[in-house]
Amino acid sequence: MTLRTTPDRAAQLERAYAYPYDRPLGSFLFRPGHGAAAWDEDRSRVAGRHALVSIGSNASPTQLERKLAGRTSPHGIPVLAATLTGYDAVYAARVSAYGAVPASITPAPGVTVAAHIVFLDDEELDVLHRSEGLHRRDPQYRAIGIPASAVGCPVPVEGPLLAYQASSGHLAVNGGLVAVAAFPATGRSYPVMSEREVLDHVAGLFGCPTDEFVLAVATSADTHHAVKTRLGADHALPAP
């Protein structure tokens with residue numbers, strides 16, 4: 001694997017290892033350029049907005065700022081803490097362009113996982129769809145529907161809600177799923193890994209030290225494509 005040396009090596013590694021980034025445990029309002037503020041429990045703020053279930057980085061103010069920078073949202077984007085029953089956050093059989101192994105949603109009978117619901121207007125939803133590659137001929141993710149009956153949320157939500165599921169399938173480790181440690185849950189029967197642990201595992205599949213693996217993926221489009229292709233072909237479980 002070819003490694004290109006870059007002056008922002010530490011920043012690139014931190015971006016991959018820190019996935020899915022810090023997020024408030026409870027509900028909050030996000031304003032691009034201003035970060036997170038306390039949720040004021042004004043239910044009118046969610047009216048007419050799309051409800052997106054986040055079991056990855058889209059509930060992190062850091063990631064939302066990256067994706068929505070420069071946009072105005074004077075009333076704020078509600079991001080409400082929730083639970084999701086019958087689903088779980090697992091690792092996708094892919095790597096992101098910045099070197100992280102991202103999350104995907106999967107049906108999981110008997111599991112209840114902590115999540116957030118992000119309430120977006122049409123333009124904001126389009127930005128997030130594009131960030132997940134839904135507009136591409138070969139999309140990274142697909143949007144699936146989640147019934148409102150599966151969601152515990154501070155405000156009533158009509159279904160179906162939206163969630164992102166990896167088109168490549170879910171990462172297989174010893175033949176089974178691996179849950180994302182950053183999202184606590186009850187009822188799991190499969191292993192849990194942190195982002196660093198799953199990156200160590202995936203880098204090992206390629207016989208490469210983890211730092212070198214992350215930097216190679218993050219700095220070479222050809223390497224990124226080759227890694228995604230192999231993971232999807234050799235180390236994936238089909239997404240239901």
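This is a short walk through one protein chain, from its overall form to a few chosen places. The model is predicted.

Start with the whole chain. Its secondary structure comes to 6 helices and 13 strands. The C-alpha trace spans about 50 × 40 × 30 Å along its principal axes. For 240 residues, a compact globule would have a radius of gyration near 18 Å; this chain has 17 Å, so the two agree. Of the 240 residues, 49% count as buried. The accessible surface comes to about 10,800 Å². Carbon and sulfur atoms hold 51% of that surface.

Contacts tell how the chain folds back on itself. Take contacts between residues at least 6 apart in sequence: 76% of them join residues at least 24 apart. Charges can be placed too. The chain has 20 positive and 23 negative charges. The mean positions of the two sets are 3 Å apart.

Now turn to strand 4, residues 77–91. This strand is mostly covered, with 11 of its 15 residues buried. Which strands pair with it? Strand 5, residues 103–120, pairs with strand 4 in the antiparallel sense over 12 bridges. Strand 1, residues 28–31, also runs antiparallel to strand 4, and 3 bridges join them. Strand 7, residues 151–152, is joined to strand 4 by 2 bridges, again antiparallel.

Single residues help to find these pairings on the model. Look for Val79. Phe28 has Val79 as its bridge partner in strand 4. Val79 also stands opposite Val118 in strand 5. For the link to strand 7, find Thr83, which stands opposite Gly152.

Strand 6, residues 141–146, holds Gly145. Is Gly145 buried, partly exposed or exposed? Its relative accessibility is 45%, so Gly145 counts as partly exposed. Leaving out residues up to four places away in sequence, Gly145 touches Tyr87, Pro160 and Leu161. Tyr87 falls within the span of strand 4, residues 77–91. Leu52 is 93 residues from Gly145 along the chain, yet their C-alpha atoms are separated by 9.4 Å.

Move next to the helices. Helix 5 covers residues 210–219. Like strand 4, helix 5 is mostly covered: 7 of its 10 residues are buried. They are Thr210, Phe213, Val214, Leu215, Ala216, Val217 and Thr219. An α-helix has 3.6 residues a turn, so residues three or four places apart point the same way. What do the buried residues of helix 5 pack against? Their partners are helix 1, helix 4 (195–205) and helix 6 (221–234).

Phe213 sits in helix 5. The relative accessible area of Phe213 is 0%, so this residue is buried. Leu199 is 14 residues away from Phe213 in sequence. From C-alpha to C-alpha, the two are 8.6 Å apart in space.

The loops have their own points of interest. Begin between helix 1 (9–17) and strand 1, in the loop that holds Pro20. The peptide bond from Tyr19 to Pro20 is cis, with omega near 5°. Tyr21 lies in this loop between helix 1 and strand 1 as well. Its phi is near 75°, a positive value in a residue other than glycine. Is Tyr21 buried or exposed? Its relative accessibility is 7%, under the 20% limit, so Tyr21 counts as buried.

Ser57 belongs to another loop, between strand 3 (50–54) and helix 2 (61–68). With 6% relative accessibility, Ser57 also counts as buried. Which residues is Ser57 in contact with, neighbours within four places in sequence aside? They are Tyr19, Pro20, Tyr21 and Gln63. Both sides of the cis peptide bond, Tyr19 and Pro20, are thus among the contacts of Ser57.

One more loop runs between strand 2 (35–38) and strand 3, and Glu41 is found there. Glu41 has a positive phi of about 65°, although it is not a glycine. Its surroundings can be set against those of Tyr21. Glu41 has 63% relative accessibility and so counts as exposed, whereas Tyr21 is buried.

Key. Residues are numbered from 1 along each chain as its sequence is written. This is a predicted model: local features need pLDDT of at least 70, side-chain atom pairs count only at pLDDT 80 or more; totals for chains, interfaces and linings use all residues. Side-chain values use heavy atoms; hydrogens and water are left out. Buried means under 20% relative accessible area, exposed over 50%, partly exposed in between (1.4 Å probe, protein chains only). Helices (H or I, at least four residues) and strands (E, at least two) are DSSP runs, numbered from the N terminus. Two strands pair if DSSP finds at least two bridges between them. The radius of gyration is taken over C-alpha atoms; the globule rule is 2.2 Å times the number of residues to the power 0.38. Contact means heavy atoms within 4.5 Å. Accessible areas come from the Shrake-Rupley method with a 1.4 Å probe; for residues, only the protein chains shown count as cover. Lys and Arg count as positive and Asp and Glu as negative; His and the chain ends are not counted. The place of a charge is taken as NZ of Lys, CZ of Arg, CG of Asp or CD of Glu.
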